[in-house]
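Got your viewer ready? Let's walk through this one stop by stop, with a selection to make at each.

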Amino acid sequence: MSEAAIQPVSGRQREWWRGAAIYQIYPRSFADANGDGIGDLAGITAHLDHVASLGVDAIWLSPFFTSPMKDYGYDVADYRDVDPIFGTLGDFDALIARAHVLGLKVIIDLVYSHTSDEHPWFAESRSDRANARHDWYVWADARPDGSPPNNWQSVFGGPAWTWDARRGQYYMHNFLSAQPQLNVHNPDVQDALLDVARFWLDRGVDGFRIDAINFAMGDPDLRDNPPAPATNGVRTRPFDFQLHVNNQSHPDIPLFLERLRALTDSYDGRFTVAEVGGADAETEMKQFTQGGRRLNSAYGFNFLYASALTPALVREAVEQWPDRPGMGWPSWAFENHDAPRALSRWSSPEHRDDFARMKMLLLVTLRGNIFLYQGEELGLTQVDIPFDRLRDPEAIANWPLTLSRDGARTPMPWIADAPQLGFSVAEPWLPVGPDHAALAVDRQEADAESTLALTRRLIATRNANEALLIGDIRILEASESMLAFERASSGQRLLCVFNFTDRPREWRPEQPDRWRVIEQVGLADDWRFGPFAAVIAEQIA
């Protein structure tokens, strides 16, 4: 049988990635093998047994490519090599080999909208207006008064244009000025980016997460963005004052994604997923995954930036992705390296343990792929990083109004009583969480009731039930306090019910005797739900 397909419980084939659980690793903060205070590829390899023990299908590695680290790897200076702080290509090959022995697929980031300003492509492009790569980036003349070509603003603050005296032009950057925008409209640029993907596919990677892909192409005519409507909310960046209709989301992006999909389909069992943010993310995610010729999946920020987890939010998110012909396959994440830890956003300290258990049960029951961010299986909280320890350029620029991404990027706690919680023998690049020792892997390994043990159990439940892996979803109730939905496949029907409050609730299905509880957190008995309790029940008649 092709490795592109596996057998779910009913015996029907499915692609390995459909319904998969994928574990995100942020290399700088996972494990340090060489003692310099920064995580590396060898450290990841040494701890892959922990990841495999969760029952996940794959790992996703955030960027490890050669980079000046102005944006901690998302400013790529060489797409085909490993930055020395993370190791070597040999270390990457060893990681791939070990992961595959453990049954883990390996997905890596592709940053296709921009490079570092230290990339050789940009060095050549900026040298003059006649070189072979003169149009590989977005360049434009100044207005007659010397000001930037239009009103576009960067995500990280300030105009999206920087003057370059060598060319006598402005270059565009949606993010840092050290991240010049690639001209992905250019077929030669597309070919070069596809060659990057081919390089890593030939090295054994099983798929790609495409970073900020809706930023890959803007309006070639560089028309101004219109102002955003007035709001009562706090705007922390000039970027928030505009509707982003011209600097991103060009309709030619899906055509490029078709080229990428054709490449990955020429290899067996490969997977592609897009990250898509912004006001129109749902529409773009559907465009990027429509039919069978574009990406396999996409995920947005429905939950990542949400200040509260509510039944209404879940309903709104999942109902955007009905099971019908031509509709793409969704992916979901509650946490990642760009968002504050979910438990710190969504729960109060006194209810954190109960909420963490309900949250994990909810994640494993959603229709689509699920992403777990490193430490989420431990119930890690957001770390408050003082200003003098911040590394995140966005947080530094917008202090104190933007919540630091660094607080979710702190070192993974492995050993409670070890220096730096077992992450490194040296002082780490970010401080360890002051409350993370009690959540360390070794402490939770010894506790059969820990969040770690529950995560393993719930992922095993997901993997053993076809309805959770690939079944349809139907919302039954999404009130202020209770969420109930069914997951159903051809051979199975499951009922999933959640109490989103810190007060006991009662919720009974019709004909309760027809349901057998197969998993629960916090449930007392007879469909009486304790605070933040949840249940999965299987129809038996």
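Start by selecting β9 and β10, which form a hairpin with four residues between them; strands here are DSSP E runs of at least two residues and helices are H or I runs of at least four, numbered from the N terminus. In the turn, click on Gly-168, which has a positive phi of about 65 degrees. One thing to keep in mind as you go: this is a predicted model, where local features need pLDDT of at least 70, side-chain atom pairs count only at pLDDT 80 or more, and totals for chains, interfaces and linings use all residues. Residues are numbered from 1 along each chain as its sequence is written, and side-chain values use heavy atoms, with hydrogens and water left out.

Stay on that hairpin. β9 and β10 are antiparallel, paired over four bridges (two strands pair if DSSP finds at least two bridges between them). To see one of these bridges, select Trp-161 and its partner in β10, Met-172.

Now add β8. β10 (residues 169–172) is joined to β8 by two bridges, again antiparallel, and Trp-139 has Tyr-171 as its bridge partner. Put together, you have an open sheet of three strands in the order β8-β10-β9. β8 (139–140) and β9 (161–164) are at the edges with a single partner strand each, so each has one side without a neighbour in the sheet.

Next, pick Pro-187 in helix α5 (residues 187–202). Is Pro-187 buried or exposed? Its relative accessibility is 53%, so Pro-187 counts as exposed (exposed is over 50% relative accessible area, buried under 20%, partly exposed in between, with a 1.4 Å probe and protein chains only). Draw a distance from its C-alpha to that of Trp-136: 9.5 Å, with the two positions 51 residues apart along the chain.

Jump to strand β17 (residues 482–489). Eight of its eight residues are buried, so β17 is largely enclosed by the rest of the structure. Show the side chains: Met-482, Ala-484, Glu-486 and Ala-488 point one way, while Leu-483, Phe-485, Arg-487 and Ser-489 point the other.

What does β17 pair with? Strand β16 (residues 472–478) pairs with β17 over six bridges in the antiparallel sense, and a three-residue hairpin connection joins the two. Select Arg-474 and Glu-486 for one bridge pair. Strand β18 (residues 492–499) is also antiparallel to β17, through eight bridges, and here the hairpin has two residues. Phe-485 and Cys-496 are bridge partners in this pairing.

Last local stop: Leu-430, in the loop between α11 (393–397) and α12 (441–445). Leu-430 has 0% relative accessibility, so it counts as buried. Leaving out residues up to four places away in sequence, Leu-430 touches Arg-389, Arg-391, Asp-406, Arg-409, Thr-410 and Pro-411 (a contact means heavy atoms within 4.5 Å). Its C-alpha is 7.9 Å from that of Leu-390, 40 residues away along the chain.

Finally, zoom out. The protein has 14 helices and 21 strands. Its radius of gyration is 23 Å, close to the 24 Å from the globule rule for 541 residues, so it is as compact as a globular protein of that length (taken over C-alpha atoms; the rule is 2.2 Å times the number of residues to the power 0.38). The C-alpha atoms fill a box of roughly 75 × 55 × 50 Å along the principal axes, and 61% of the 541 residues are buried.
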